[in-house]
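Morning, everyone. Let me put the model up, and then we go through rings, one helix and the charged pairs.

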Amino acid sequence: MENLLNHPLTLLVAGAFLTGIVIPLITRNWQLRQKALEIQTALVSDIGQAVVEFLMSVQFVHMKRSRGNLSQDEQSLFDQSYKDWEVKSAVIGTKLQAYYHRNAEIPKTWTTFSTSLTNFYALEGTCESHLDVNMSALAHQISGTLPCQIAMTEASREERWGRLREAILQCKSEIIRAVLLNKPSLS
């Protein structure tokens, strides 16, 4: 047996096995893990940037509008911000569907979240008489379909708006957490 292990042909076969099968297998697994991490990092970055940029735009307009001094140029920037959000949201949604098709809950949650954030934007164009109803409907939508909670108990309109904003940020964090906890599909 010892002669067989020391035989040059055995050593050649063992070396070929290691360099031809084992090492490429280890390298491939490492590359797949690296690619998955790159995808997760890019998605988390895209989600964070898109949500915060749009939310800041909504917040800016909300503050300007509450003071009654929103110019036409600022309204145009706000409208462009909405268009940019819709494009970024659709791209992120497509990526989530492509990489998380085995865990359909993540793309589904993103779609619901995206709609909620768009509805939050729409509050800024709501007439005063419908604002309270629309805020309550949005709070119900967020609490009922997304992985975050919002308390809309007796509070001023401004406090409820702030709570909606905080719930949206919480939902963003939960989506990012789900992306990081679940491996993307690379096949």
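How many residues apart in helix H4 are tryptophan 110 and phenylalanine 113? Three, so about one helical turn separates tryptophan 110 from phenylalanine 113. Keep in mind that this is a predicted model.

Stay with those two residues. Tryptophan 110 is buried, at a relative accessible area of 1%. Phenylalanine 113 also counts as buried, with 1% relative accessibility.

Now the aromatic pairs in general. The count comes to eight aromatic pairs. Take phenylalanine 54 and tyrosine 121, which form a tilted pair. Their centres are 5.6 Å apart, with 35° between the planes. Where do they sit? Phenylalanine 54 is in helix H2, residues 8–66, and tyrosine 121 is in helix H4, residues 105–122. The two are 67 residues apart in sequence, so this pair ties together separate parts of the chain. Phenylalanine 54 is buried, with a relative accessible area of 1%. Tyrosine 121 is buried too, and its figure is 14%.

Back to the pair I opened with. The ring centres of tryptophan 110 and phenylalanine 113 lie 5.5 Å apart. Their planes meet at 45°, so this pair is tilted. Why tilted? Stacked needs planes under 30 degrees apart and edge-to-face needs over 60, so an angle in between counts as tilted.

Put the rings together. Ring pairs join Phe54, Phe78, Tyr82, Trp85, Trp110, Phe113 and Tyr121 into a cluster.

Next, helix H5. It runs over residues 128–145, which is 18 residues. What span should we expect at 1.5 Å a residue? The expected value is 26 Å, and the end C-alpha atoms are 26 Å apart, so the two agree.

Which residues of H5 are buried? They are Leu131, Met135, Leu138, Ala139 and Ile142. These buried residues cover an arc of only 100° around the axis, so they fall on the same side of H5. Turn to the other side of H5 and you find Ser129, Val133, His140 and Gly144 exposed. What covers the buried residues? The cover includes H4 and helix H6, 157–181.

Last topic, charges. The count comes to eight salt bridges. One of them joins the side chains of lysine 88 and glutamate 53, at 2.5 Å from N to O. This pair links distant parts of the chain. Lysine 88 is in helix H3, residues 72–99, while glutamate 53 is in helix H2, and they are 35 residues apart. Buried or exposed? Neither: lysine 88 is partly exposed at 32% relative accessible area, and glutamate 53 is partly exposed at 36%.

Another salt bridge is between the side chains of lysine 64 and glutamate 74, at 3.3 Å from N to O. Lysine 64 lies in helix H2 and glutamate 74 in helix H3, so this pair ties together parts 10 residues apart in sequence. Here both partners, lysine 64 and glutamate 74, are buried.

Then arginine 165 and glutamate 166. They form a salt bridge whose closest N and O atoms are 2.7 Å apart. Glutamate 166 counts as partly exposed, at 45% relative accessibility.

One network to finish. Salt bridges link Glu128, Asp132, Arg157 and Arg160. That is my tour; over to you.

Methods: Residues are numbered from 1 along each chain as its sequence is written. This is a predicted model: local features need pLDDT of at least 70, side-chain atom pairs count only at pLDDT 80 or more; totals for chains, interfaces and linings use all residues. Side-chain values use heavy atoms; hydrogens and water are left out. Rings of Phe, Tyr and Trp (its six-membered ring) pair if their centres lie within 6.5 Å; planes under 30 degrees apart count as stacked, over 60 as edge-to-face and the rest as tilted. Helices (H or I, at least four residues) and strands (E, at least two) are DSSP runs, numbered from the N terminus. Buried means under 20% relative accessible area, exposed over 50%, partly exposed in between (1.4 Å probe, protein chains only). The expected span of a helix is 1.5 Å times one less than its number of residues. The arc is that of the directions from the helix axis to the C-beta atoms. Contact means heavy atoms within 4.5 Å. A salt bridge is a side-chain nitrogen of Lys or Arg within 4 Å of a carboxyl oxygen of Asp or Glu.
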